[in-house]
2 protein chains.
Amino acid sequence: MQEQPKTKHIVIIGAGFGGIRAVRALSKADVRITLIDKHNYHLFQPLLYQVSTATLSIDDIAYPVRAMIKQQKNVHFRMGEVNTIDFERKSVILATAAVAYDYLIIATGGVTNYFGLKAVEKNSFGMKNLDESVTIRNHILHQFELAAYEQDRDKRRARLTFIIVGGGPTGVESAGALSELIYLVMAREYHTLNFKEVRIVLVEASDKVLAAMPAELQETTVETLIRKHVEVRLCVQVTDYDGERLSLKGGEVIPTRTVIWAAGIKAAPLLDTLHIEQDQARRAVVNEFLQLPAHPDVFVIGDAAHYEYAGRPLPMIAPVAIQQADVAAKNIKQLMAEKPLEKFTYKDVGSMATIGRNAAVVHMGHLKLKGVAAWLIWSLVHILRLIDFRNRFVVFMKWVWEYMFYDRLVRIITRQ
Amino acid sequence: MQEQPKTKHIVIIGAGFGGIRAVRALSKADVRITLIDKHNYHLFQPLLYQVSTATLSIDDIAYPVRAMIKQQKNVHFRMGEVNTIDFERKSVILATAAVAYDYLIIATGGVTNYFGLKAVEKNSFGMKNLDESVTIRNHILHQFELAAYEQDRDKRRARLTFIIVGGGPTGVESAGALSELIYLVMAREYHTLNFKEVRIVLVEASDKVLAAMPAELQETTVETLIRKHVEVRLCVQVTDYDGERLSLKGGEVIPTRTVIWAAGIKAAPLLDTLHIEQDQARRAVVNEFLQLPAHPDVFVIGDAAHYEYAGRPLPMIAPVAIQQADVAAKNIKQLMAEKPLEKFTYKDVGSMATIGRNAAVVHMGHLKLKGVAAWLIWSLVHILRLIDFRNRFVVFMKWVWEYMFYDRLVRIITRQ
């Protein structure tokens, strides 16, 4: 408001990996920035599954946005949900206000994709945000409390059957962590239960887990999961779930009270309001400079953007969002300076997943690792990527504690 | 179920300070114990206000009951809410089952007492359980987000006015912690707000705060709060609150969106179903051995019990519950051995309250302390009382972090 009228106003929607990186990339620019998010925190999504499985608390992986940007003087945070964007008037429409922009970065991320399975959407648990993770944690712990005093064997088994749908990193990591929560921690505390009645099933529609990994690491992953008492069911498609019975294609039915849906992701629904070209995952198709073709002052990055690279659309993962944020910020500066824009090129940083204690798979360039070495690399990378020192340190201490004492301390049922 | 029929069954309702202590006091007894609680965790209530004010996470002060008792082989935990007790049949009635007992310990604790002010109960925030504390945290943080973009000055001031009712330890500690959250942390992040518009008011109906303390420490407390920009209003009674306007006796009205009610506590409602003698705070009147006079196999302890000592009923505080748990457990063993019962005598352990950084008051016997010394004692005592090592250590680290960096990291709005 006190700024001179000529200072350009950049609005960034979304405080995820992409949005935060774009804010930082513009820290030295002579611009005003407004960062908008419906939550007041940045979320470290790759560790959400550790909240669901009672290793970490929410504040270990969620960090107040205002605390992250307080050193940067050219940015204001505004908490609010964006309803739509008026490209004509260059205005972002919130429920209670409109925010004008000169340049816009859309970094709204992804949401769970149920592929039109309405009943599954209603009765299963997504795992894309903090509330969902806490809900899963509460639900799993509650199933054990109810099973402990359930006399009916069938009902008890349905409470002790946990289905995870989707063999990507989220599904694999959740299955491994859930196995360890149940067999290493809960088994020592529920003396009245027979843990032979517990089932953990990982269901995947394709014929492999961790599709981005080399075949030998996929095999290692499946073997490790099986050793952890996870039934891995490949080439199996979910057709329906009514809250008590999961139906699979071909007629199989599994009675269960818990289905965790990690089988798909699509772009957040804001893009659906914009009358722009979208792909199957509802992502906005952008040009080589990450602009919307019809609106060169609007950039789309991360899970919200469809960008073809080497003949295939880029995956919806954090490294893509971070790399695109840098280029979008750079290109806004180029536009202001009336200089030529930079084309986006993607650097593949590889992928990794942890399956449990001393067990992970890592693939970077020609490097393929598994077992303890991969697990140590995974731990180190995730600790270093956690944003501030305190979180790093607390998370590290919690992991050490859990590793040494086979304990999980966030086993608190907060809502029922 | 596999136990021999002659082993006596002791049911303990409530996993608070009293219930957990009673379980431990019976660890070597040849009995079966069932511990029942509606939550799956033990809550360290004295630090609830640090959850409300974003210093600690829920799992720092809540600990899974099953983890606490897993070493003790004669006890089972059952999560469930007790509807009533059938003294005739010696049976505890849950929603889905009945649990027979030979001896019963009622340790159901306290709930917020609104003294019949229905509108206040509906619109203000209690602070006796974990969900309430998280709700307060979310609400306070949300008020700042809304105020930051509120153009109407009156509406903005109402969002920035925080009323705490009740000058006991909870009210005083909440007011001090809220002041530091706002003036030391939030003030550095909400650049568009004028913090002169913030009001924190502590309202107390009597003419003093911390009634159990010596007069000079009461004065120190009020002075410290005033220095922290807390308005301390003594001899003021709340008559109504509709969610937007707080009415005080005499006609004064304060526009505010936040009223935290720490003005009263009464026994949990289970006792109201039992047709027994209760005091004004709904506590069960017990005899000198802590039994219900008409039911000598039923003991009541802690906040649920009314026990006259030195001419006055004992206060509803943790040390009373813990001391009574020991005597109730002892007396059950005496009953089983057909030996004479032990009379309860109370050892006053003093009281303490912290008002903020380097500021606390401590009263133990003839010792009266204030300032840094009192604050160090307060910190040490609370760290030592936190149940397990990990919590102790994490809480200690968080306190050190906050002290050094004037930061609060649990500022996460989880629900709206």
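What share of the 416 residues in chain A is buried? I looked that up before anything else: buried residues account for 57% of them. Note to self: this is a predicted model.

**Chain A, overall**

I counted secondary structure next and got twelve helices and 27 strands in chain A. The radius of gyration is 22 Å, close to the 22 Å that the globule rule gives for 416 residues, so chain A is as compact as a globular protein of that length. I also boxed the C-alpha atoms along the principal axes, and they fill roughly 70 × 45 × 45 Å.

Then contacts. Taking pairs in chain A at least 6 apart in sequence, I find that 64% of the contacts join residues at least 24 apart.

Surface and charge came after that. Chain A has an accessible surface of about 17,800 Å², and carbon and sulfur atoms hold 53% of it. I tallied 51 positive and 44 negative side chains in chain A, with 4 Å between the centres of the two sets.

**The annotated domain**

I checked the UniProt record for chain A. The entry, which is unreviewed, puts "domain: FAD/NAD(P)-binding" at residues 9-325. Over that stretch I get 29% helix and 28% strand. Its end C-alpha atoms sit 17 Å apart.

**B:Phe393, across the chains**

Which residues does B:Phe393 contact, leaving aside its neighbours within four places in sequence? I find A:Phe393 and A:Met397, both written with chain A. B:Phe393 itself is in helix H12 of chain B, residues 389-405. I read 26% relative accessibility for B:Phe393, so it goes down as partly exposed. I also took its C-alpha distance to B:Asp60: 9.6 Å in space, for a pair 333 residues apart in sequence.

**A:His382, in a helix**

Is A:His382 buried or exposed? It is buried, at a relative accessible area of 6%. I placed A:His382 in helix H11 of chain A, which covers residues 371-385. Skipping residues up to four places away in sequence, I listed what A:His382 touches: A:Phe44, A:Pro46, A:Leu47, A:Met352 and A:Trp399.

**Two positive phi angles in chain B**

I went looking at backbone angles and stopped at B:Arg282, which is not a glycine yet has a positive phi of about 65°. B:Arg282 belongs to the loop between strand S18 (265-267) and strand S19 (284-285) of chain B. With a relative accessible area of 32%, B:Arg282 is partly exposed.

B:Leu290 went on the same page. Its phi is positive too, about 75°, and it is not a glycine either. I find B:Leu290 in the loop between S19 and strand S20 (291-292) of chain B. Its relative accessible area is 0%, so B:Leu290 is buried.

**Loop residues in chain A**

Where does A:Gly80 lie? I see it in the loop between strand S5 (75-79) and strand S6 (82-86) of chain A. A:Gly80 comes out at 18% relative accessibility; the cut-off for buried is under 20%, so A:Gly80 counts as buried. Beyond residues up to four places away in sequence, A:Gly80 touches A:Ile36, A:Asp37, A:Lys38 and A:Leu94. I also compared its position with A:Thr345: the two are 265 residues apart in sequence, and their C-alpha atoms are 32 Å apart.

A:Glu288 is in the loop between strand S19 (284-285) and strand S20 (291-292) of chain A. I noted 36% relative accessibility, which makes A:Glu288 partly exposed. What does A:Glu288 contact, leaving aside its neighbours within four places in sequence? My list reads A:Tyr307, A:Glu342, A:Lys343 and A:Phe344. I took one distance here as well: the C-alpha atoms of A:Glu288 and A:Glu308 are separated by 8.7 Å, with their positions 20 residues apart along the chain.

**Last entry: B:Lys73**

I finished on B:Lys73, in the loop between helix H4 (65-69) and strand S5 (75-79) of chain B. B:Lys73 has 68% relative accessibility and counts as exposed. From B:Lys73 to B:Lys343 I get 29 Å, C-alpha to C-alpha, for a pair 270 residues apart in sequence.

Definitions and conventions:
Residues are numbered from 1 along each chain as its sequence is written. Chains are lettered from A and ligands numbered from 1 in the order in which they are written. This is a predicted model: local features need pLDDT of at least 70, side-chain atom pairs count only at pLDDT 80 or more; totals for chains, interfaces and linings use all residues. Side-chain values use heavy atoms; hydrogens and water are left out. Helices (H or I, at least four residues) and strands (E, at least two) are DSSP runs, numbered from the N terminus. The radius of gyration is taken over C-alpha atoms; the globule rule is 2.2 Å times the number of residues to the power 0.38. Buried means under 20% relative accessible area, exposed over 50%, partly exposed in between (1.4 Å probe, protein chains only). Contact means heavy atoms within 4.5 Å. Accessible areas come from the Shrake-Rupley method with a 1.4 Å probe; for residues, only the protein chains shown count as cover. Lys and Arg count as positive and Asp and Glu as negative; His and the chain ends are not counted. The place of a charge is taken as NZ of Lys, CZ of Arg, CG of Asp or CD of Glu. UniProt positions are given in the numbering used here, feature names are shortened, and annotations may be inferred rather than shown by experiment.
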